[in-house]
Amino acid sequence: MQNQSSLAYPEMKRLLDKNVRWSKSVRDRDPEFFPRHFPGQRPELLWIGCSDARVPETTIMGCQPGDVFVHRNIANLYSPQDDSLNAVMMIALQNFKVKHIVVAGHTNCVGCMTALNVSRLPPTPASTPLQKYIQPLATLSRTLFKGDGEPPTLDLLVEENVVQQVKNLLECDVIKSDWKRRGTDGVVIHGWVYHLEDGTIRDLNVSVGPPGHVPGKKADAWF
């Protein structure tokens, strides 16, 4: 295998050039920005979102690098067997003691659309990584079919998927351990949907904190 520089590819060179310009603009505006962030990070929010390129979490919330700890995957799913996400949550909760976890779906989600299409077909053994991955989401979609066999809308599946992932997180050992360790100051889990059509975030009103948690008790604004 012969190694080459990324600069040999014009589209990659453009990205590297943009990075140089961005870095310079940040340093011109705030010379201490990078030195201030280099020693470490102290995010207070973990974002569990979709891999979709149209949903950059820091951008849509008007945040800065260092504000948000992030895990993204297809259709913002969580399962107890997901060691990658479990590891992210352990670091977020044990190292950074984040105050909030947001599960964020979005409209026109390709992962949800794929699962919806699969749910319209008779169940068959999954063979590809994508088929295996979206099986739980296809199963959820089937539970939303109406009595006449009409499938749910994509928007409904997106919302119900977020609600389901919040429920899944509430049952996971990492969250239970955090609540046991931190008591009423433990992490609070939220469910949101980002609307690609207008750039707004909608709260699904499914926020859950540890037993005895009082919303707003420690409402320090860090953004």
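A contact is counted here wherever heavy atoms lie within 4.5 Å. In the protein, residues 24 or more positions apart account for 62% of the contacts with a separation of 6 or more. The structure is a predicted model, in which local features need pLDDT of at least 70 and side-chain atom pairs count only at pLDDT 80 or more, while totals for chains, interfaces and linings use all residues. Residues are numbered from 1 along each chain as its sequence is written, and side-chain values use heavy atoms, with hydrogens and water left out.

The secondary structure, in which helices (H or I, at least four residues) and strands (E, at least two) are DSSP runs numbered from the N terminus, comprises eight helices and five strands. Along the sequence these elements are arranged as α-α-β-α-β-α-β-α-α-α-α-β-β. Taken along the principal axes, the C-alpha atoms fill a box of roughly 60 × 55 × 40 Å. Of the 223 residues, 36% are buried, where buried means under 20% relative accessible area, exposed over 50% and partly exposed in between, with a 1.4 Å probe and protein chains only. About 13300 Å² of the protein is exposed, and carbon and sulfur atoms supply 57% of that area, as computed by the Shrake-Rupley method with a 1.4 Å probe.

The five strands form an open sheet with mixed pairing and the order β2-β1-β3-β4-β5, two strands being taken as paired if DSSP finds at least two bridges between them. The edge strands, each of which pairs on one side only, are β2 (68-73) and β5 (200-203). Neighbouring strands of this sheet are turned against each other by 25° on average, direction ignored. For such angles, axes are lines fitted to C-alpha atoms, for helices over the stretch in contact, and values run from 0 to 180 degrees between N-to-C directions.

Strand β1 (residues 45-50) runs parallel to β2, to which six bridges join it, and is likewise parallel to β3, with five bridges between the two. Trp-47 has partners in both of these strands, standing opposite Val-70 in β2 and having Val-102 as its bridge partner in β3. Strand β3 also pairs with β4 in the parallel sense, over seven bridges, and here Val-103 stands opposite Gly-191 in β4. Because six of its seven residues are buried, β3 is largely enclosed by the rest of the structure. Helix α4 (residues 83-95) lies across β1, β2 and β3 (100-106), running at about 170° to β2.

At the other edge, strand β4 (residues 188-195) and β5 pair in the antiparallel sense over four bridges, with Thr-200 in β5 as the bridge partner of His-195. The two strands β4 and β5 form a hairpin with four residues between them, and Gly-199 in the turn has a positive phi of about 80°.

Two further residues illustrate opposite surroundings, Asp-178 being buried and Phe-38 exposed. Asp-178 lies in helix α8 (residues 173-182) and counts as buried because its relative accessibility is 0%. Not counting residues up to four places away in sequence, Asp-178 touches Leu-93, Gly-183, Gly-186 and Val-187. Phe-38, in the loop between α2 (33-37) and β1, counts as exposed because its relative accessibility is 73%. Although 28 residues separate Phe-38 and Gly-66 in sequence, the two are 9.8 Å apart in space, C-alpha to C-alpha.
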